[in-house]
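Visitor: I would like to learn how to read a metal and ligand site. Where do we begin?

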Amino acid sequence: MLELQQLSLHIGQQPLVRNLDLQLQPGQLHVLIGPNGTGKTSLLRALFGELTPQAGSIRHGGETLSRLQLARWRRRFGYMPQNIQLELDLSVLEVVVLGRLDSLGMRLSDDDILAALGALQALGIAQLADRPMYSLSGGQRQMVLFAQVLLRDPQIMLLDEPVSALDLQHQMQLMEHLHRQTRAKGWISLVVLHDLNLAAQYADQLIVLAGGELQAFGPPAEVLTPELISRLYRVPVDILHDRDGSPFIRTLRPESLPA
Ligand SMILES: Nc1ncnc2c1ncn2[C@@H]1O[C@H](COP(=O)(O)OP(=O)(O)OP(=O)(O)O)[C@@H](O)[C@H]1O
Ligand SMILES: [Mg+2]
């Protein structure tokens, strides 16, 4: 379990998140939603040890972040940040293999290369293996970076808007893969998404952050109400249900509302 207790984050003098209590369980896909600028990225950075909390604790597997060497703490994470500038003169295969950096000796083993090729294949992008990273489109880069975190085979997956540049097919491929592997490997997965319908389809637990506080935590069908969404995003919505009962959110344009 990844446990946050009374966690508070500041950016400079500004309070960002206050007294956050959360428990994230292995084998569960948690989706973090909330308006722009509410601290989702900052929270992931704090979990990864890039941002020091003002107060509170972060624990995993009987260990506490503040008491541990950072390198040792980070070894358990696969972290895909939100804004990645990668103008590297490395091939896709090399970038994916770097996911194994912690365990790489001086040389690559055949096993590392095969694992990297396997990850690219599983995501349907094996044809990119020899391309230089700088030559890829935004969406292709995002898929490659996902393959890289897969190769870490982490205990905790932190993905910050991993589908923001992906087309429908690749969004689905990434989310399906993440969902299956989270179950199969017992990962604690925490993913930031802005697409509420994708969140509703894939989240075991939705975590709603706004105004520095936890607004809701639970299965999408319980959490996603028109009231909550209007309060968070200040837009009118209808909630329909698709054939497996997942909520489906539709924004309402002003002219469709009664005067
Ligand atoms: N390095 C920084 N210096 C100053 N302010 C920062 C810094 N990083 C974040 N902030 C501020 O902290 C707040 C939260 O930012 P954060 O990136 O965590 O939001 P977010 O919820 O991830 O937003 P988005 O949905 O737009 O990605 C914002 O107001 C942002 O301007
Ligand atoms: Mg963000």
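The dialogue below takes the metal site, then the ligand shell.

Guide: This is a predicted model: local features need pLDDT of at least 70, side-chain atom pairs count only at pLDDT 80 or more, and totals for chains, interfaces and linings use all residues. Residues are numbered from 1 along each chain as its sequence is written, chains are lettered from A and ligands numbered from 1 in the order written, and side-chain values use heavy atoms, without hydrogens and water.

Visitor: Which protein donors does the magnesium ion (ligand 2) have?

Guide: Donors are N, O and S atoms within 2.8 Å of the metal (3.2 Å for Na, K and Ca); water is not among the atoms, so sites may look incomplete. Here they are Thr 41 (OG1) and Gln 82 (OE1), 2.0 to 2.1 Å from the ion. Thr 41 sits in helix H1 (residues 40–47), and Gln 82 in the loop between strand E6 (77–80) and helix H3 (92–97). Helices (H or I, at least four residues) and strands (E, at least two) are DSSP runs, numbered from the N terminus.

Visitor: Which residues come nearest to ligand 1?

Guide: A residue is near a molecule if one of its heavy atoms lies within 4 Å of it. Of 13 such residues around ligand 1, Gly 37, Lys 40, Thr 41, Ser 42 and His 194 come nearest. H1 gives the most to this shell, with 3 residues.

Visitor: How far is the polar side-chain atom of Lys 40 from an oxygen atom of ligand 1?

Guide: That distance is 2.7 Å. For Asn 36, the corresponding distance is 3.0 Å.

Notes
A polar contact is a pair of N or O atoms within 3.5 Å; within protein, one must be able to donate a hydrogen and the other to accept it, and residues adjacent in sequence count only if both atoms are side-chain atoms.
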